[in-house]
Amino acid sequence: MPTMEELRKRFQADRFAVELTGAEIREAEAGRARCSLTLRPDHLNANGAPMGGAIFTLADFAFAVAANGFAEKITVSQHVSMTFLSPAKGRELLAEARCLKSGRTTCLYQVDVRDELGTYVAHGEVNGFTVG
């Protein structure tokens, strides 16, 4: 079972989420992950709210860590449904991904994104496909 430092090192290879966007792994275990994103001006849209793309990237990263962090096979997003519920009011986004069902080649995860104030920002469901 990998340590948190080993997981963080492994997912440094997800350069878009980690380097460009700033996503960080907070907690992880098989089938579950909590990841965060400190909001910067380049994450905001013209209305001053976080862009849907920044929120989606964090949610997808949390899914990737939860589905792959402790697995021997690689699982990728096959279909994602994201519902944006409210603009974030805080300065940090927190995404929690958890496995609802895992089969031989497919899985279903729920991902919820909130800010540090508790504002429910987005809800997503990810159908994953195991490729390796």
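Start inside the fold: the largest nonpolar core of this predicted model has 34 residues. Select Ile25, Leu58, Phe61, Val65, Leu93 and Val113, the residues with the most contacts inside that core. Now colour the elements that give two or more residues to the core: helix 1 (4-11), helix 2 (15-21), helix 3 (52-68), strand 1 (24-29), strand 2 (32-38), strand 4, strand 5 and strand 6. Helix 3 gives the most, with 11 residues.

Stay with the core and zoom in on Val65. Show its neighbours, leaving out residues up to four places away in sequence, and you will find that Val65 touches Phe11, Ile25, Ala28, Ala33 and Cys35.

**Next stop: the sheet**

Switch to a cartoon view and select the strands. Here 6 strands form an open sheet with antiparallel pairing, and the order to follow is 1-2-4-5-6-3. Strand 1 and strand 3 (75-84) are the edge strands, each pairing on one side only. Turn the view along the sheet and look for the twist, which averages 20° from one strand to the next.

Begin at the edge with strand 1. Strand 1 is joined to strand 2 by 5 bridges in the antiparallel sense. For a landmark, pick Glu24, whose bridge partner in strand 2 is Ser36.

**Into strand 5**

Now select residues 106-115, which make up strand 5. Is this strand largely enclosed or not? Of its 10 residues, 7 are buried, so strand 5 is largely enclosed by the rest of the structure.

Look to one side of strand 5 and you meet strand 4 (residues 92-102), which runs antiparallel to strand 5 and is joined to it by 9 bridges. Together strand 4 and strand 5 form a hairpin, with 3 residues between them. Label Arg98 and Gln110 to see a pair standing opposite each other, with Gln110 in strand 5.

Strand 5 also pairs with strand 6 (residues 120-130), again antiparallel and through 9 bridges. Here the pair to label is Thr106 and Phe129, the latter in strand 6. Follow the chain round the hairpin of strand 5 and strand 6, where 4 residues lie between the strands, and stop at Gly118: this glycine takes a positive phi near 100°.

**Last stop: the start of the chain**

Finish at Met1, in the segment before helix 1. Is Met1 buried or exposed? Met1 is exposed, with a relative accessible area of 85%. Even so, Met1 touches Glu6 and Phe70, not counting residues up to four places away in sequence. Draw a distance from Met1 to Gly69 as well: the two are 68 residues apart in sequence, and their C-alpha atoms are 9.1 Å apart in space.

Key: Residues are numbered from 1 along each chain as its sequence is written. This is a predicted model: local features need pLDDT of at least 70, side-chain atom pairs count only at pLDDT 80 or more; totals for chains, interfaces and linings use all residues. Side-chain values use heavy atoms; hydrogens and water are left out. Buried means under 20% relative accessible area, exposed over 50%, partly exposed in between (1.4 Å probe, protein chains only). Two strands pair if DSSP finds at least two bridges between them. A nonpolar core is a set of buried Ala, Val, Leu, Ile, Met, Phe, Trp, Tyr and Cys residues joined through side-chain atoms within 4.5 Å. Contact means heavy atoms within 4.5 Å. Axes are lines fitted to C-alpha atoms, for helices over the stretch in contact, and angles run from 0 to 180 degrees between N-to-C directions.
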